[in-house]
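Colleague: Hi! I'm new to this one, could you walk me through it?
Modeller: Happy to, let's put it on the screen.

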Amino acid sequence: MTIATSTRLADGRELIYFDDGAHAKSHSAHDTRPLDARSEENTGELRYDALTGDWVAVAAHRQTRTYLPPADQCPLCPTTGANLSEIPDSAYDVAVFENRFPSLGPAVGAITANPAWGTMGRAFGRCEVVAFTPEHTGSFAGLSEERARTVIDAWAHRTQALSALPGVKQVFPFENRGQDIGVTLHHPHGQIYAYSYVPPRSEVMAAAARKFYDAHNGTATLLGDIVAKESESGERMIAQGEHFSAYVPFAAHMPLEIHLTPHRHVPDFAALNDAERDELAVMYLDVLRRLDNLYETPPHTLRPGTRHRWIPCCVRPAVSIWSSPHQDGPPTSSNSWQAQKPPWAPSSMTPLRNRWLPCCDAPPDPSPRKQIWYEPVH
C-alpha cells in the first residue's frame with residue numbers, strides 16, 4: 001500500500017508525497033519561497049459555447065506560467081540551494097500538487113444548470129500536477145514497475161478525493177508528452193483535472209453506454225460487449241492479462257490509438273483492487289514501451305482514467321484505460337491475425353503480437369498538435 005503524506009506550499013496549495021512501498025519516508029522540508037497567498041478570487045472564467053455545448057475556460061493568468069525552463073531551474077525537480085522548486089524535499093518518489101497556474105479553480109462549486117448563449121461563470125474545479133519521478137529526464141515508460149504502481153495509487157487517491165469536492169462532475173488524469181503537443185515542462189509529469197461539468201465527448205459516450213444498457217434490459221454493458229468482441233476477433237488485440245486487455249479499437253480515430261481496458265467493471269481508479277493495479281502497472285509500461293519503439297520522441301496524450309458514473313473511463317490517444325460500472329467477468333478468448341505492414345510505416349516498425357501498430361492504413365497526421373490538443377483540456 002502506497003503511503004501518502006500531505007503538506008502545504010508557501011502560498012497554501014496542497015502538496016502530497018506518495019512513497020514507493022508500504023513505508024512512509026520523512027518529508028519535513030518546508031517551502032521557503034516568498035509567494036503571495038493563493039486566493040479563490042483568482043479563479044478564472046468559464047464561457048458557454050452554445051454551438052457545441054462545451055464550456056471554455058478563459059485563464060489569462062496562465063500567460064505567466066513557467067515555460068520550458070533549463071534543467072537547473074525546473075520546478076518539478078527536488079529543491080536545491082540554487083533551485084527552490086515546487087517540491088521542497090531534496091528527494092521524493094511521486095509528488096502531486098495543486099497547479100500554481102490552473103485553468104480551473106482554485107474555487108470549487110456548481111456551474112449554471114441551464115446555460116445558453118452569453119452564459120459565463122467562474123471556472124470552478126481543480127488542476128493538479130503529478131511528478132512521476134525526481135529525475136529531470138526520461139518518460140513514464142522508463143519507470144520501474146514499482147514506481148508505476150505508485151503513480152497508479154496516486155491517480156486512485158486523487159480521483160477519490162477530487163470526486164468528493166463540491167460541484168465536481170468529472171475527474172480526468174492525463175499526460176501530454178512532447179513539445180509538439182504543447183508541454184511547457186520537460187520533466188516527466190502528468191496532470192489531473194477536476195471539472196465542474198461533463199465535457200461533450202464524455203456526454204456522448206455516456207449516452208451511448210446508457211442506451212446500450214437499457215436496450216439490453218440491464219443485462220449487458222457497451223464496454224463489456226466491445227471488449228468481448230475485440231477479444232473474440234483478436235485482429236486488433238495487443239496484449240491480454242488476467243485483469244486487463246490492450247487493443248486497437250475497431251473505429252480508431254487516431255493513427256496511434258490503444259485502449260487498455262479492465263475486465264471487471266469499475267466506476268473509477270479508486271475502485272481497482274490491488275491485483276488489478278499490479279497488473280495495470282505492468283501492462284501500461286508494456287504498451288508505452290511499444291509505442292516508444294515506433295518513434296524516438298512520440299508526441300502524444302495519455303489518458304489514464306476519468307471518473308463519472310456512466311462513462312467508460314477515458315478516450316484516445318495514445319493509451320486509454322476504460323471502465324464502466326456494471327457486471328463482472330473477463331472477455332472471451334482471442335484469435336490471432338496477421339496484418340500487412342502499411343506502406344508508409346517506418347522500416348523500424350515491428351509486428352506486435354501478430355498486429356502491426358499503428359492500425360490505420362494512412363500516414364500519421366503531420367501536425368499532431370492540431371489533431372490531438374483539442375480534447376484533453378476543454
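Modeller: Let's start with E257, which is buried, with a relative accessible area of 3%. Keep in mind that this is a predicted model.

Colleague: Okay, where does E257 sit in the fold?
Modeller: E257 lies in the loop between β11 (244-247) and β12 (258-262).

Colleague: And which backbone nitrogens does the side chain of E257 reach?
Modeller: One belongs to H253, at 2.6 Å. Another is the backbone nitrogen of M254, at 3.1 Å.

Colleague: Changing topic: which residues touch the most other members of the largest nonpolar core?
Modeller: Those are F140, W155 and L280, in a core of 40 residues.

Colleague: Which elements give two or more residues to this core?
Modeller: On the strand side, they are β2 (14-19), β5 (94-98), β9 (189-195), β10 (237-240), β11 and β12. The helices are α1 (145-163) and α4 (274-294). The largest share comes from α4, with nine residues.

Colleague: What about a second core, how many residues does it have?
Modeller: It has 13 residues and is separate from the other one. Among its members are L15, C74, Y92 and A95.

Colleague: You just mentioned C74. Is that one buried or exposed?
Modeller: C74 counts as buried, because its relative accessibility is 1% and the cut-off for buried is under 20%.

Colleague: How far is the sulfur of C74 from the closest cysteine sulfur?
Modeller: The closest one is in C77, 3.8 Å away. That is too far for a bond, because a disulfide needs the two sulfur atoms within 2.5 Å.

Colleague: So how many disulfides does a search of the whole structure find?
Modeller: Zero.

Colleague: And C127, buried or exposed?
Modeller: C127 is buried too, with a relative accessible area of 2%.

Colleague: Let's look at sheets. What is the strand order in the open sheet of three strands?
Modeller: The order is β4-β3-β6, and the pairing is antiparallel.

Colleague: Which ones are the edge strands?
Modeller: They are β4 (54-58) and β6 (120-122), since each pairs on one side only.

Colleague: How many bridges join β3 to β4?
Modeller: Five bridges link β4 to β3, which covers residues 45-49. One detail to look for is D49, whose bridge partner in β4 is D54.

Colleague: Last one: what does the twist average from one strand to the next?
Modeller: In this sheet, the average is 30 degrees.

Notes:
Residues are numbered from 1 along each chain as its sequence is written. This is a predicted model: local features need pLDDT of at least 70, side-chain atom pairs count only at pLDDT 80 or more; totals for chains, interfaces and linings use all residues. Side-chain values use heavy atoms; hydrogens and water are left out. Helices (H or I, at least four residues) and strands (E, at least two) are DSSP runs, numbered from the N terminus. Buried means under 20% relative accessible area, exposed over 50%, partly exposed in between (1.4 Å probe, protein chains only). A polar contact is a pair of N or O atoms within 3.5 Å; within protein, one must be able to donate a hydrogen and the other to accept it, and residues adjacent in sequence count only if both atoms are side-chain atoms. A nonpolar core is a set of buried Ala, Val, Leu, Ile, Met, Phe, Trp, Tyr and Cys residues joined through side-chain atoms within 4.5 Å. Two strands pair if DSSP finds at least two bridges between them. Axes are lines fitted to C-alpha atoms, for helices over the stretch in contact, and angles run from 0 to 180 degrees between N-to-C directions.
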